[in-house]
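Good morning, and thank you for coming. Please look at the sequence and the structure as they appear, and I shall then take you through several places in turn.

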Amino acid sequence: MASEETRAVPTRTATPPAGGGTAGAPRPQETEPGAHRPRAWATRLVVVGIVLSALNLRPAITSLGALLEEVRDGLGMSGGVAGLLTSVPPLCFAVFGVAAPRLARRFGPAAVVCAGMAAITAGLLVRPYVGGTAGFLAASALALMGIAVSNVLMPVIVKRWFPDKVGSMTGLYSMALALGTSVAAAVTVPLTDALGGGWREGLAVWAALAAAAVLPWLPLVRDRGPREPERERGAARETERARGTGRETERARGAAPQHAPLRITRSRTAWALAAFFGLQATAAYVTMGWMPQIFRDAGVPAGTAGVLLAVTMVMGVPLAFVIPRVATRLPHQGPIVLVLGVCGLAGYAGLYLAPAGGAWAWALLLGVSNCAFPLALTMVGMRARSGPGVAQLSAFAQSTGYLISIPGPLLVGVLYQRSGGWGLPIALMAALMVPQMAVGFLAGRDRTVEEEATR
C-alpha cells in the first residue's frame with residue numbers, strides 16, 4: 001500500500017494548477033497525510049491480522065496429532081476411525097474452501113476471515129467436551145470450516161493489499177503458519193500435563209489464540225480492500241502492449257476482462273497446481289496426524305515425539321520466508337520442487353529403516369519437504385495476474401487439491417491397522433512423492449492461467 005500511495009503523489013502534483021505557476025502546488029502535499037493516514041493504519045492492521053490468522057491455521061490439527069493416542073483411548077476410536085479423523089481437515093478444506101471466493105465477493109475478504117477465526121474459536125472450545133466421536137468430529141469440522149475459508153483468502157488478501165510484495169508477504173504469512181504449527185506440536189503435551197493431564201483441557205486451550213485472531217479483523221469488516229484505479233489499470237495494459245512482440249504480447253491479447261470469470265478448468269497449469277497442492281497436503285496431514293505415533297511406536301517417549309513433530313514444523317519458519325522470496329525471483333519454480341521432493345524421499349527412507357535411531361534427522365528432512373506448502377501458495381499468486389484470477393485459482397487449486405488429499409491419511413490408518421506396522425504406510429508416502437515432484441515441476445512453469453483459460 002505504501003508504494004501505491006507514493007505513486008499517487010506525483011500523479012496529482014505533476015499537473016500544474018489551473019492558474020499556472022506554483023502557488024497551488026503544495027496543496028496536495030498538505031492534505032495528503034490526513035487523506036492517507038487511515039489507509040496506512042488499515043494496512044498495518046491487515047499485517048497483524050494476517051500474522052495472527054496464520055498462527056491459527058494448524059494448531060487445531062497438530063495439537064490433536066500430539067494427543068491422538070489419548071483421544072483415541074478417551075473416545076474409543078479404532079485405527080480406521082482415527083484415520084478418518086485425520087482425513088477430516090482436507091475434506092473440510094475442499095468442501096468449504098470452494099465457497100470462499102463467493103463469500104468474499106459478497107461480504108469482503110476481511111469479514112469472511114473474521115468469521116473464520118470466530119468459527120475456529122468456537123470449534124476448538126467445544127470439541128473436547130461435546131462427548132462421543134460424532135460430536136468431536138462435528139466440532140472439529142466447525143473449526144476446520146473457519147480454517148478452510150481463511151486458507152483460500154490469505155493469498156487473495158496478500159495480492160490485493162500488497163501487490164508489489166507478494167513474495168515477502170506470503171513468506172511472512174507462511175512463517176507465522178509454520179510457527180503456529182510447530183508451537184502447538186511442541187507444547188501441547190507439556191501444557192496438558194501442566195493443566196492436570198487431561199487431553200480435553202490440552203486441546204481446548206488453543207481456542208484462546210484463535211479468539212485473539214478475531215480482533216484485528218473487526219475494524220476491517222466493512223473494508224473491501226484497496227481497489228486499483230481505472231487509470232492505473234489502463235496504464236498497466238498499455239505498458240504490457242508496449243513490451244513488443246513475443247510472449248508479453250500474447251499475454252496481453254489473451255488477458256480476460258477482470259470482471260469475467262475464468263474457465264479455470266481449461267488451464268493445464270491450474271490442474272498441475274491443484275495436483276501439486278493435493279499431494280503436498282497428503283504428505284503434510286499424514287505427517288501432522290501420524291508422525292508422533294510413528295515415533296512413539298518406535299519407542300520414543302510421547303513428549304519427545306511431540307517435540308520431533310515440532311522440529312518438522314518449525315523448519316517452515318525460516319524456509320517459509322526464504323522460499324517464496326527465492327521463488328518469485330526465478331522464471332521456473334520447478335528446481336525448488338525437486339529439491340524439496342528429494343528431501344522428502346530421504347526422510348521417508350530414514351523413517352522406514354531406522355525411525356528411532358535417526359529421528360532428529362528424519363524430522364528435519366521432512367520439515368524441509370513440507371515447505372512445498374508455502375511454495376504452492378506463492379505459485380498461486382504468480383500463476384494469475386489479477387486479484388479475481390488469484391481468488392479463482394486459489395479456490396480451485398486448494399479445493400481440488402484437498403479433495404485429492406482426503407484418501408491419504410485414511411489409507412495410512414487402514415494400512416497401519418491391517419499390517420500392524422508402519423512399513424506399508426511409509427512406502428506409500430514415499431511413492432506419492434514422485435508424482436508430487438512431477439506435477440510441481442509442471443506448475444512451476446512461467447505462465448498464467450489467464451493465458452490458458454481464455455484460449
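Let us begin with V130, which sits in the loop that joins α7, residues 109-126, to α8, residues 132-161. The model we are looking at is a predicted one. V130 has a relative accessible area of 40%, so it counts as partly exposed. Together with L125 and V126, V130 makes up a nonpolar patch on the surface, and the accessible area of the three residues together is about 230 Å².

Allow me to step back to the chain as a whole. It contains 23 helices and zero strands. Of its 455 residues, 53% are buried. The area that the chain exposes is about 18600 Å², and 65% of that area comes from carbon and sulfur atoms. Among contacts with a separation of 6 or more, 84% are between residues 24 or more positions apart.

I turn next to helix α15, residues 302-314. What span should we expect for this helix of 13 residues? At 1.5 Å a residue the expected value is 18 Å, and the C-alpha atoms at its ends are indeed 18 Å apart, so the two agree. The buried residues of α15 are A305, G306, L308, L309, A310, V311, T312 and M313. Which helices cover them? The cover includes α3 (59-66), α9 (166-194), α14 (268-297), α16 (316-327) and α18 (359-369).

Helix α14, just named as part of that cover, also holds T282. Is T282 buried or exposed? Its relative accessibility is 4%, so T282 counts as buried. A polar atom of the T282 side chain lies 2.9 Å from the backbone oxygen of G278. Setting aside residues up to four places away in sequence, T282 touches I404, S405, G408, M429 and L432.

A further residue of interest in α14 is R296. How many salt bridges are counted here? The count comes to one salt bridge. The partners are E70 and R296, whose closest N and O atoms are 3.4 Å apart. Because E70 belongs to helix α4, residues 68-75, while R296 belongs to α14, the pair ties together parts that are 226 residues apart in sequence. The two partners fall into separate accessibility classes: E70 is partly exposed, at 28% relative accessibility, whereas R296 is buried, with a relative accessible area of 19%. The cut-off for buried is under 20% relative accessible area.

Now to the loop between α16 and α17 (334-353), where T328 is found. T328 counts as partly exposed, with a relative accessibility of 32%. In sequence, T328 and L375 are 47 residues apart; in space, their C-alpha atoms are 9.7 Å apart. Apart from residues up to four places away in sequence, T328 touches G167, T378 and M382.

My last stop is Q436, in helix α22, residues 423-443. Q436 has a relative accessible area of 5% and is therefore buried. Which residues does Q436 contact, once its neighbours within four places in sequence are left aside? They are F276, L279, Q280, V337 and A372.

To close, I would ask you to keep two places in mind: the surface patch of L125, V126 and V130, and the salt bridge between E70 and R296. Thank you for your attention.

Notes. Residues are numbered from 1 along each chain as its sequence is written. This is a predicted model: local features need pLDDT of at least 70, side-chain atom pairs count only at pLDDT 80 or more; totals for chains, interfaces and linings use all residues. Side-chain values use heavy atoms; hydrogens and water are left out. Patches are made of residues with over 30% relative accessible area and no salt bridge: like charges are joined within 9 Å, nonpolar side chains (Val, Leu, Ile, Met, Phe, Trp, Tyr) within 5 Å. Accessible areas come from the Shrake-Rupley method with a 1.4 Å probe; for residues, only the protein chains shown count as cover. A salt bridge is a side-chain nitrogen of Lys or Arg within 4 Å of a carboxyl oxygen of Asp or Glu. Helices (H or I, at least four residues) and strands (E, at least two) are DSSP runs, numbered from the N terminus. Buried means under 20% relative accessible area, exposed over 50%, partly exposed in between (1.4 Å probe, protein chains only). The expected span of a helix is 1.5 Å times one less than its number of residues. Contact means heavy atoms within 4.5 Å. A polar contact is a pair of N or O atoms within 3.5 Å; within protein, one must be able to donate a hydrogen and the other to accept it, and residues adjacent in sequence count only if both atoms are side-chain atoms.
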